[in-house]
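Student: I have a model open and I'd like to practise the reasoning behind its labels. Could we go through it by question and answer?
Tutor: Happily; here is what we will look at.

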Amino acid sequence: MTAYRNDGVVQIKNAFSQEWLDEVRSSIEFGRANPGPMYLDYSKDTNPGTYCTDMWIWRENAHMKNFIFNSPAAELAGEAMEASSVALVTDNWLVREAGAVNRAPWHHDNPYFDVSGEWCVLWMGLEPVRQGEGVVFLKGSHKWGRKFMPLSFAGTGQKAALQEPYEPTPDFTENLDDYDVLEFDLDPGDCLIFDSHTLHGAPNPVPPERTVNRLTMRFAHGNAAFEKRGSWTDAQTEYWQAHGMKEGEPIVGELLPLVWSR
């Protein structure tokens with residue numbers, strides 16, 4: 001896991017068996033048929049393909065629950081973070097249909113979620129991902145000590161007015177050659193684990209020719225706390241508070257359980 005610490009992202013080959021890939025596919029199929037209260041469709045009105053996502057569905061989705069508690073995901077995250085215990089931050093599927101114009105903007109995940117301390121993202125696809133088709137990472141950007149305003153995945157720009165300590169997110173695509181860029185070929189069963197501060201995005205503007213299914217799990221140290229980010233997380237904040245969570249207190253509870261410990 002040295003690459004996780006040094007580069008901000010590590011690739012793990014053959015992390016998940018076909019059994020777990022089938023379980024993830026079933027969870028996405030169930031999720032699309034039964035959208036939860038946090039379901040989002042990022043698609044533009046003229047978008048020929050849907051770009052949609054949902055999260056915090058595991059209590060109503062037995063396939064997702066099984067993956068969270070019984071797959072290697074949480075342990076892999078714990079090993080990457082060198083954590084003594086791991087709490088769930090989000091279970092999050094994403095589907096980008098063939099022809100979908102929207103794509104991931106340049107961002108780091110940290111400003112999007114009300115979580116303190118170190119946490120990481122486990123990202124995997126159910127279809128092969130080749131360089132030029134997926135996200136690219138700015139090597140070592142998790143060590144910059146900078147905070148960038150979150151951008152909308154709907155392609156509408158900054159999610160809220162600029163506020164300290166955040167700065168506008170540059171379009172790194174314009175001068176990508178100035179950075180050490182990491183990009184990966186992944187087969188089904190492979191995954192990436194990256195620091196929540198690692199900058200990444202999908203600079204290729206060409207829409208996918210086939211529908212792609214992605215799973216993004218987020219995990220934090222077991223002692224992580226509920227820490228409000230900004231007005232752009234209001235919907236999340238209200239959802240967490242509705243489940244008994246309070247700002248400044250540990251996130252571990254009914255909605256975000258402890259999922260692994262040494």
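Student: Which residue of β10 does W93 stand opposite?
Tutor: W93 stands opposite L215 in β10. Keep in mind that this is a predicted model.

Student: What makes β4 and β10 a pair?
Tutor: Two strands count as paired if there are at least two bridges between them. β4 and β10, residues 212-221, have ten bridges, so they are a pair, and the sense is antiparallel.

Student: Which other strands does β4 pair with, and how do you know?
Tutor: Use the bridges again. Strand β3 (residues 51-55) is joined to β4 by five bridges, and strand β11 (residues 258-261) is joined to β4 by three. Both numbers satisfy the cut-off of at least two, so both are pairs. β3 runs antiparallel to β4, and β11 does too. For landmarks, C52 stands opposite V95, and A87 has L258 as its bridge partner in β11.

Student: Why is β4 described as mostly covered?
Tutor: Strand β4 spans residues 85-96, and twelve of its twelve residues are buried.

Student: Why is T90 called buried?
Tutor: Buried means under 20% relative accessible area. T90, which belongs to strand β4, has a value of 0%, so T90 is buried.

Student: What makes the T90 and R218 side chains a polar contact?
Tutor: The limit for such a pair of N or O atoms is 3.5 Å. The two side chains are 3.0 Å apart at this contact, so the pair falls within the limit. Leaving aside neighbours within four places in sequence, T90 is in contact with M55, W56, F113, T216, M217 and R218.

Student: Why are β7 and β9 called edge strands?
Tutor: There is an open sheet of three strands in the order β7-β6-β9, with antiparallel pairing. β7 (181-182) and β9 (200-201) each pair on one side only, and they are the edge strands. Two bridges join β6 (residues 136-138) to β7, so that pair satisfies the cut-off of at least two. F137 has L182 as its bridge partner in β7.

Student: F137 appears somewhere else too, doesn't it? Which residues line the largest cavity?
Tutor: F137 is in that lining, along with W123, V129, R130, Q131, G134, V135, E183, F184, L186 and L192. The largest cavity holds about 40 Å³ of space, and the search of the whole structure finds one cavity of 30 Å³ or more. Its lining divides into seven nonpolar, two polar and two charged residues.

Student: Why is G134 not counted as nonpolar?
Tutor: Gly is placed among the polar residues in this scheme, so G134 of the cavity lining counts as polar.

Student: What about open space: how much lies in the largest pocket?
Tutor: About 1000 Å³. Of the 45 residues that line the largest pocket, Y42, Y51, L94, A104 and F153 are the closest to its centre. β10 gives the largest share of that lining, four residues. The lining consists of 25 nonpolar, eleven polar and nine charged residues.

Student: And which residues are closest to the centre of the second largest pocket?
Tutor: Of the 20 residues in its lining, they are R103, A104, P105, W106 and A202. About 310 Å³ of space lies in the second largest pocket, and its lining has ten nonpolar, seven polar and three charged residues.

Conventions. Residues are numbered from 1 along each chain as its sequence is written. This is a predicted model: local features need pLDDT of at least 70, side-chain atom pairs count only at pLDDT 80 or more; totals for chains, interfaces and linings use all residues. Side-chain values use heavy atoms; hydrogens and water are left out. On a 1 Å grid over the protein atoms alone, a cavity is a set of points where a 1.4 Å probe fits but cannot get out, and a pocket is an open set with protein on both sides within 12 Å along at least five of seven lines; lining residues have an atom within 4 Å of a point. Grid points are joined across faces, edges and corners, and a volume is the space filled by probe spheres set on the points. Buried means under 20% relative accessible area, exposed over 50%, partly exposed in between (1.4 Å probe, protein chains only). A polar contact is a pair of N or O atoms within 3.5 Å; within protein, one must be able to donate a hydrogen and the other to accept it, and residues adjacent in sequence count only if both atoms are side-chain atoms. Contact means heavy atoms within 4.5 Å.
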